[in-house]
Amino acid sequence: MIVISRQADGINIEGHAGFAPSGKDIVCAGVSTLVTNLVNSIEELTEDTIEYETGDGYIIIKHGNLSEGASLLVDSFLLGIEEISTNYPQYVGLKKECNKDGKNDI
């Protein structure tokens with residue numbers, strides 16, 4: 001299962017969907033596409049600075065306070081993830097984390 005967790009200072013994506021064999025896993029491909037698009041969009045379309053680390057089965061994205069534009073991109077990413085999670089709940093999960101104000105980010 002892929003688990004996406006949102007914290008006040010970043011997003012963690014960990015795990016493998018396991019929907020189909022590697023190279024044929026549409027759930028993994030959908031999540032990977034959204035994550036790649038998020039990172040590229042923040043870097044290319046905003047002046048925000050993010051750091052990220054990738055490896056087999058994970059990506060950790062860290063950021064400071066996001067601009068309005070970058071926040072909108074993150075919200076768009078999360079909408080896409082929520083849709084995949086709704087359609088494939090056994091393969092993608094959202095973990096709600098609290099932000100510094102004690103409110104849920106997701």
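Start by selecting K62: with 34% relative accessibility, K62 counts as partly exposed. Keep in mind that this is a predicted model.

**Stop 1: a charged pair**

Stay on K62 and add D9 to the selection. D9 is also partly exposed, with a relative accessible area of 35%. Side chains of opposite charge can pair when their charged atoms come close. K62 and D9 form a salt bridge. Show the distance between their closest N and O atoms: it is 3.8 Å. The cut-off for a salt bridge is 4 Å, so the pair qualifies. How many salt bridges does the structure hold? It holds 1.

Now look at where the two partners sit. K62 belongs to strand 4, while D9 lies in the loop between strand 1 and strand 2. They are 53 residues apart, so this pair links distant parts of the chain.

**Stop 2: the sheet**

Switch to a cartoon view and find the open sheet. It has 5 strands, in the order 3-4-2-1-5, and the pairing is mixed. Which strands stand at the edges? Select residues 50-55 for strand 3 and residues 92-95 for strand 5. Each has a single partner strand, so one side of each is left without a neighbour in the sheet. Neighbouring strands of this sheet are turned by 10° against each other on average, with direction ignored.

**Stop 3: strand 3 and strand 4**

Select residues 58-63 to light up strand 4. Strand 3 and strand 4 run antiparallel and are joined by 6 bridges. For one example, pick G55: its bridge partner in strand 4 is Y58.

**Stop 4: strand 1 and its two neighbours**

Select residues 2-7 for strand 1 and residues 10-14 for strand 2. These two strands form a hairpin, with 2 residues between them. They run antiparallel, and 5 bridges join them. Click V3 and look across to strand 2: E14 stands opposite.

Then turn to strand 5. Do strand 1 and strand 5 pair in the parallel or the antiparallel sense? The sense is parallel, over 4 bridges. Click I2 to see one case: V92 is its bridge partner in strand 5.

Is strand 1 mostly covered or uncovered? It is mostly covered, as 5 of its 6 residues are buried.

**Stop 5: a helix across the sheet**

Select residues 68-87 to show helix 2. Helix 2 lies across strand 1, strand 2 and strand 5. Compare its direction with strand 5: helix 2 runs at about 130° to that strand.

**Stop 6: the aromatic cluster**

Show the side chains of F19, Y88 and Y91. Ring pairs link these residues into a cluster. A pair of aromatic rings is described by the distance of the centres and the angle of the planes. The count here comes to 2 aromatic pairs.

Take F19 and Y88 to begin. Their ring centres are 5.3 Å apart and their planes meet at 80°, so the pair is edge-to-face. F19 is in the loop between strand 2 and helix 1 (26-45), and Y88 is in the loop between helix 2 and strand 5. The two are 69 residues apart. F19 counts as partly exposed at 33% relative accessibility. Y88 is partly exposed too, with a relative accessible area of 26%.

Now move to F19 and Y91. These ring centres are 5.2 Å apart, with planes at 85°, so this pair is edge-to-face. Y91 lies in the loop between helix 2 and strand 5, so its pairing with F19 ties together parts that are 72 residues apart in sequence.

Conventions:
Residues are numbered from 1 along each chain as its sequence is written. This is a predicted model: local features need pLDDT of at least 70, side-chain atom pairs count only at pLDDT 80 or more; totals for chains, interfaces and linings use all residues. Side-chain values use heavy atoms; hydrogens and water are left out. Two strands pair if DSSP finds at least two bridges between them. Axes are lines fitted to C-alpha atoms, for helices over the stretch in contact, and angles run from 0 to 180 degrees between N-to-C directions. Contact means heavy atoms within 4.5 Å. Buried means under 20% relative accessible area, exposed over 50%, partly exposed in between (1.4 Å probe, protein chains only). A salt bridge is a side-chain nitrogen of Lys or Arg within 4 Å of a carboxyl oxygen of Asp or Glu. Rings of Phe, Tyr and Trp (its six-membered ring) pair if their centres lie within 6.5 Å; planes under 30 degrees apart count as stacked, over 60 as edge-to-face and the rest as tilted.
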